[in-house]
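This report describes selected features of one protein chain for a reader who is new to structural biology. Please keep the sequence and the structure in view while reading.

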Amino acid sequence: FTAEEGGNYFVQASVYLKSGAATTVEYLLKLVTSNRVYVLSRLKSIDDPSQIVGSVVADIDGGDTAYIQLKPSGNSTTDVGGQSEAFTFLSIQKLD
């Protein structure tokens, strides 16, 4: 996402975790912007399949980019659902 103008944005993200998620690995769902990294959610010992969801009000400058990062601890791998599953999404709305 690239902000056309600066301001506060409500950001909500959801990632559907498919195979490989049933572990004691910690998962961090992050929003990465040019100004800051926000931890949206943290999960430990999740079931397979599972979903990680989080939201934040982020200060984003005009022209800056923002993206979601799902980071497992260690060298773990997990399949993420995307194409037809409505459980994986990124929603961004300008507040002011």
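## The open sheet

In this predicted model, three strands form an open sheet in the order β3-β2-β5, and the pairing is antiparallel. The edges of the sheet are occupied by β3 and β5, each of which has a single partner strand, so one side of each is left without a neighbour in the sheet. On average, neighbouring strands of this sheet are turned by 20 degrees against each other, direction ignored.

## How β2 pairs with its neighbours

Strand β2 comprises residues 27–33, and strand β3 comprises residues 37–43. The two run antiparallel and are joined by six bridges. A hairpin of three residues leads from β2 to β3. Within this pairing, L31 stands opposite Y38 in β3.

Strand β5, residues 66–72, also runs antiparallel to β2, and seven bridges join these two strands. Two examples show which residues face each other: L29 stands opposite L70 in β5, and the bridge partner of L28 in β5 is K71.

## The surroundings of β2

Is strand β2 buried or exposed? Seven of its seven residues are buried, so the strand is largely enclosed by the rest of the structure. For this statement, a residue counts as buried when its relative accessible area is under 20%.

In a regular strand, the side chains alternate between the two faces of the sheet. Which residues of β2 point one way, and which the other way? Y27, L29, L31 and T33 point one way, whereas L28, K30 and V32 point the other way. The residues of both groups are buried, K30 and T33 included.

## A nonpolar patch on the surface

The surface of the model offers a further feature. F10, V57 and L95 make a nonpolar surface patch of about 250 Å². Of these residues, L95 lies in the segment after β7, a strand that covers residues 89–94.

## Confidence in the model

The prediction carries a confidence score, pLDDT, for each residue. The chain averages a pLDDT of 84, and 81% of the residues score at least 70. Which elements of the chain have the lowest and the highest mean pLDDT? The lowest value, 72, belongs to strand β6 (residues 80–81), and the highest, 93, belongs to β7.

Note on methods: Residues are numbered from 1 along each chain as its sequence is written. This is a predicted model: local features need pLDDT of at least 70, side-chain atom pairs count only at pLDDT 80 or more; totals for chains, interfaces and linings use all residues. Side-chain values use heavy atoms; hydrogens and water are left out. Buried means under 20% relative accessible area, exposed over 50%, partly exposed in between (1.4 Å probe, protein chains only). Helices (H or I, at least four residues) and strands (E, at least two) are DSSP runs, numbered from the N terminus. Two strands pair if DSSP finds at least two bridges between them. Axes are lines fitted to C-alpha atoms, for helices over the stretch in contact, and angles run from 0 to 180 degrees between N-to-C directions. Patches are made of residues with over 30% relative accessible area and no salt bridge: like charges are joined within 9 Å, nonpolar side chains (Val, Leu, Ile, Met, Phe, Trp, Tyr) within 5 Å. Accessible areas come from the Shrake-Rupley method with a 1.4 Å probe; for residues, only the protein chains shown count as cover. A salt bridge is a side-chain nitrogen of Lys or Arg within 4 Å of a carboxyl oxygen of Asp or Glu. pLDDT is the predictor's confidence in each residue, from 0 to 100.
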